[in-house]
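Me: I'm new to this one and would like to learn how to read it. Can we go through it feature by feature?

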Amino acid sequence: EEKLVLEINLKSKQNDEDIIRMHKEMIGWRHDMRNHVMTLKKYDNERNGEQLHEYIQSLGQELTLYETQVWTGIEILDYLLTQEKKKADQRNIAFQIETQRIDELPFSDVEIVSVFGNLLDNAIEACEKMKTEKRWIHVLLKKQRHMFFMEIVNSVEQEADQKNVEKNKEGGLHGYGLMNVRQIVERHKGEMNCQATGGEYSVTIIMYRKGKDEDEKGENF
């Protein structure tokens with residue numbers, strides 16, 4: 001039990017460090033871009049075409065390492081999705097994101113990293129354990145009037161069933177991750193459901209705007 005508590009504390013510390021790292025990288029990227037633009041202007045003003053061409057080529061390679069795909073309009077979530085997709089691609093896991101511009105969620109930045117980080121890490125980990133090459137993750141994010149709907153589905157070994165889902169809830173870092181996500185969702189009066197059937201494991205989360213009656217006003221999060 002003491003070992004589990006220590007692992008839990010380390011996991012929480014890691015989540016905090018991930019958030020700090022993400023913010024630093026985004027700030028650093030913006031700062032670097034200003035310097036890059038100034039350098040490009042310098043070469044252009046000097047009409048140094050050869051240096052300008054070489055710099056653009058090297059800059060293009062560097063940007064592929066830091067570029068963030070705009071999925072939702074929420075900066076830290078888009079960065080996290082981009083990094084998790086790169087991680088899945090490196091492991092030959094098909095990673096599909098189906099979403100729309102959301103702009104706002106009821107979660108703080110810390111909670112966004114905890115919710116999406118835990119669920120996506122768990123999905124990648126489950127896929128890595130599969131012996132078959134057909135490994136995949138599908139992320140669906142939708143917002144409609146008063147409701148935000150999120151679903152993460154990933155492939156698992158065929159023998160995975162609801163019993164294994166309940167076992168994950170009981171203990172271990174994987175189980176703690178799910179428990180932590182559930183606590184965050186319930187803190188904001190949302191609903192969460194986990195299910196494993198037919199070689200698929202899914203986690204669905206539904207968040208409602210405070211007071212479902214506010215839907216009549218056309219208000220969002």
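Me: Let's start with Asn154. Which residues does Asn154 touch, leaving out those up to four places away in sequence?
Reply: A contact list tells you who sits around a residue. This is a predicted model, and in it Asn154 touches Ala123, Ala126, Cys127, Trp136, Ile137, Gly199, Glu200 and Tyr201. Asn154 itself belongs to strand β3, which covers residues 147–155.

Me: Is Asn154 buried or exposed?
Reply: For that you look at relative accessible area, where anything under 20% is called buried. Asn154 has 3% relative accessibility, so Asn154 counts as buried. One of the residues Asn154 touches is Cys127, and Cys127 is buried too, at a relative accessible area of 0%.

Me: And how far is Asn154 from Gly199, along the chain and in space?
Reply: Two separate rulers here. Along the sequence, Asn154 and Gly199 are 45 residues apart, while from C-alpha to C-alpha the gap is 8.5 Å.

Me: You brought up a cysteine. How many disulfides does the structure hold?
Reply: Zero. As for another cysteine, Cys194, its relative accessibility is 4%, so Cys194 counts as buried.

Me: Let's zoom out. What pattern does the chain follow along the sequence?
Reply: You read helices and strands off in order, and here that gives α-α-α-β-α-β-β-α-α-β-β. In total that comes to six helices and five strands.

Me: What share of the chain's residues counts as buried?
Reply: The chain has 221 residues, and 38% of them count as buried. You can also ask how far along the sequence the contacts reach. Take contacts between residues at least 6 apart in sequence: 66% of these join residues at least 24 apart.

Me: Now helices. How do I describe two that pack together, say α3 and α4?
Reply: You describe two packed helices by the angle between their axes and the distance between the axes. For α3 (residues 75–90) and α4 (residues 109–128), the axes come within 10 Å and cross at roughly 15 degrees. Angles under 35 degrees count as roughly parallel, so α3 is roughly parallel to α4.

Me: Which residues of α3 and α4 make the contact?
Reply: On the α3 side you have Ile76, Leu77, Leu80, Leu81, Glu84, Lys87 and Ala88. The α4 side brings Asp109, Ile112, Val113, Phe116, Gly117, Leu120, Asp121 and Ile124. Sort these contact residues by type and you get ten nonpolar, one polar and four charged. If you care about handedness, α3 passes α4 in a right-handed crossing.

Me: Where does Glu75 lie, and is Glu75 buried or partly exposed?
Reply: Glu75 lies in helix α3. Its relative accessible area is 42%, so Glu75 is partly exposed. Try the two rulers again: Glu75 and Asp103 are 28 residues apart in sequence and 8.8 Å apart in space, C-alpha to C-alpha.

Me: What should I look for in the backbone, for instance at Asn92?
Reply: Look at the sign of phi. At Asn92, phi is near 60 degrees, which is a positive value in a residue other than glycine. Asn92 is found in the loop between α3 and β1, the strand at 94–98. With a relative accessible area of 61%, Asn92 is exposed.
Reply: Lys189 can be read in a similar way. Its phi is near 65 degrees, again positive in a residue other than glycine. Lys189 lies in the loop between α6 (172–187) and β4 (191–197), and at 69% relative accessibility Lys189 counts as exposed.

Me: Let's finish with Tyr208 and Arg209. Where do Tyr208 and Arg209 lie?
Reply: Tyr208 lies in strand β5, and Arg209 is in the segment after β5, which spans 200–208. Tyr208 is buried, with a relative accessible area of 19%, whereas Arg209 counts as partly exposed at 21%. Keep the cut-off in mind here: buried means under 20%.

Me: What C-alpha distances go with Tyr208 and Glu191, and with Arg209 and Pro106?
Reply: The C-alpha atoms of Tyr208 and Glu191 are separated by 8.8 Å, with their positions 17 residues apart along the chain. For Arg209 and Pro106, which are 103 residues apart along the chain, the C-alpha separation is 8.2 Å.

Technical notes:
Residues numbered from 1 in each chain as written. Predicted model: local features only at pLDDT ≥ 70, side-chain atom pairs only at ≥ 80, totals over all residues. Heavy atoms only, no water. Axes fitted to C-alpha atoms, helices over the stretch in contact; angles between N-to-C directions. Helix = DSSP H or I, 4+ residues; strand = E, 2+ residues; numbered from the N terminus. Parallel < 35°, antiparallel > 145°, perpendicular 65-115°, else oblique. Left-handed = near helix turned anticlockwise from the far one by under 90°. Contact = heavy atoms within 4.5 Å. Nonpolar A, V, L, I, M, F, W, Y, C, P; charged D, E, K, R; others polar. Disulfide = S-S within 2.5 Å. Buried < 20%, exposed > 50% of the residue type's maximum accessible area, 1.4 Å probe, protein only.
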